[in-house]
Amino acid sequence: MQPLNVSRHTLLHFDELPSTNTYIKEHLNELSDRTAVIADLQTAGRGRRGNSWAADRGMLALSVLYKGLDDPIFMTVISAVAVCRAFEEVSKLSFGIKWTNDIICDERKVCGILCESAIKCSQNKNQPFVICGMGLNVNQTAEFFEQADLYHAASLYSLSGEKNDKLALAEYVLKYLDELLDTDKETVLEEYRRRCVTLGREVTLIRSGETIKAFAKSININGALICENENGEFTVNAGEVRVRAANGEYI
């Protein structure tokens, strides 16, 4: 483990961990607010709904602890914008967001975000916290995704042909997390909406085993997706959302 100071964050750098989110949950009492944990290899990472996350040493696993916060949905919004900005700092590519937690480039997923929230009881106090977990595809090869049957995924390297310094990328993510946490909420949402590839498209919603087709209209102040179908307008706070890509397939 290598501790570093990055802006207002303390960064713990591990060679290998089962899960950076899990490490933070297991060490909540001794970790300070804005502790960031990265692992060069994450062996038991997971995405939303408990899905496993295929990884090798080309991926950057990064999780950040925020104490005193209890809004995982908006922290997902902030994290998504921060990752897009960080990716654009180190590449000539443009990045968008598939609501709510996937970062997209060339209609392929390059990062998944999992923000978890709870209340920690200690010394007779209830303290809310949020852990923002990010799995950024940095230096994996195109062959890695093919062998893992991840045909809708890509990395910075497979898209641009250039390798990147994972630690430098992590520092950019932390820099933009700081900036966005100090930014007006509506201003952050404006950028999220502008980057959101879900808006203005036909989507398929999967909730509790039910499939619903709708049109994605907007994102409200709380980060929820506003959709409309033949039954009228409705709000989506959670669930899987698939977007029809330019080639007609869903991502």
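**Notes on helix α2, its packing partners, and I219**

1. Starting with one helix pair: on the α2 side, F74, V77, I78, A80, V81, C84, R85 and E88 are in contact with K185, V188, L189, E191, Y192 and R195 of α6. Sorted by class, this contact has nine nonpolar and five charged residues, with no polar ones. Bear in mind that this is a predicted model.

2. Now the geometry of that pair. Helix α2 covers residues 72-90 and helix α6 covers residues 185-195; they pack at about 60°, and their axes are 10 Å apart. Angles from 35 to under 65 degrees fall in the oblique class, so α2 is oblique to α6. The crossing of α2 past α6 is left-handed.

3. α2 has another partner in helix α5 (residues 166-181), where the angle is about 135° and the axes lie 8 Å apart. That angle, too, makes α2 oblique, here to α5. The hand of this crossing is right-handed.

4. Who makes the α2/α5 contact? From α2 come M75, I78, S79, V81, A82, V83, R85, A86, F87, E89 and V90, and from α5 come L169, Y172, V173, K175, Y176, L177, E179, L180 and L181. By class, that is 15 nonpolar residues, four charged and one polar. If you are clicking through side chains, I78 is worth a look: I78 is listed in the α2 contact with α6 and again in the one with α5. R85 likewise appears in the contact with α6 and in that with α5.

5. On to I219, which sits in strand β10 (residues 210-219). Is I219 buried or exposed? Its relative accessibility is 1%, and buried means under 20%, so I219 counts as buried. Setting aside neighbours within four places in sequence, I219 touches W99, L189, Y192, R193, C196, L199, A224, L225 and I226. Two of these residues, L189 and Y192, also belong to the α6 side of the contact with α2.

6. One distance to check while you are there: I219 and S91 are 128 residues apart along the chain, and their C-alpha atoms are 28 Å apart.

7. Finally, the whole chain. The protein chain contains six helices and 13 strands. Its C-alpha trace spans about 50 × 45 × 35 Å along the principal axes. For 251 residues a compact globule would have a radius of gyration near 18 Å, and the chain's 18 Å agrees with that. Of its 251 residues, 49% count as buried. Among contacts between residues at least 6 apart in sequence, 62% join residues at least 24 apart.

Technical notes
Residues numbered from 1 in each chain as written. Predicted model: local features only at pLDDT ≥ 70, side-chain atom pairs only at ≥ 80, totals over all residues. Heavy atoms only, no water. Axes fitted to C-alpha atoms, helices over the stretch in contact; angles between N-to-C directions. Helix = DSSP H or I, 4+ residues; strand = E, 2+ residues; numbered from the N terminus. Parallel < 35°, antiparallel > 145°, perpendicular 65-115°, else oblique. Left-handed = near helix turned anticlockwise from the far one by under 90°. Contact = heavy atoms within 4.5 Å. Nonpolar A, V, L, I, M, F, W, Y, C, P; charged D, E, K, R; others polar. Rg over C-alpha atoms; globule rule 2.2 N^0.38 Å. Buried < 20%, exposed > 50% of the residue type's maximum accessible area, 1.4 Å probe, protein only.
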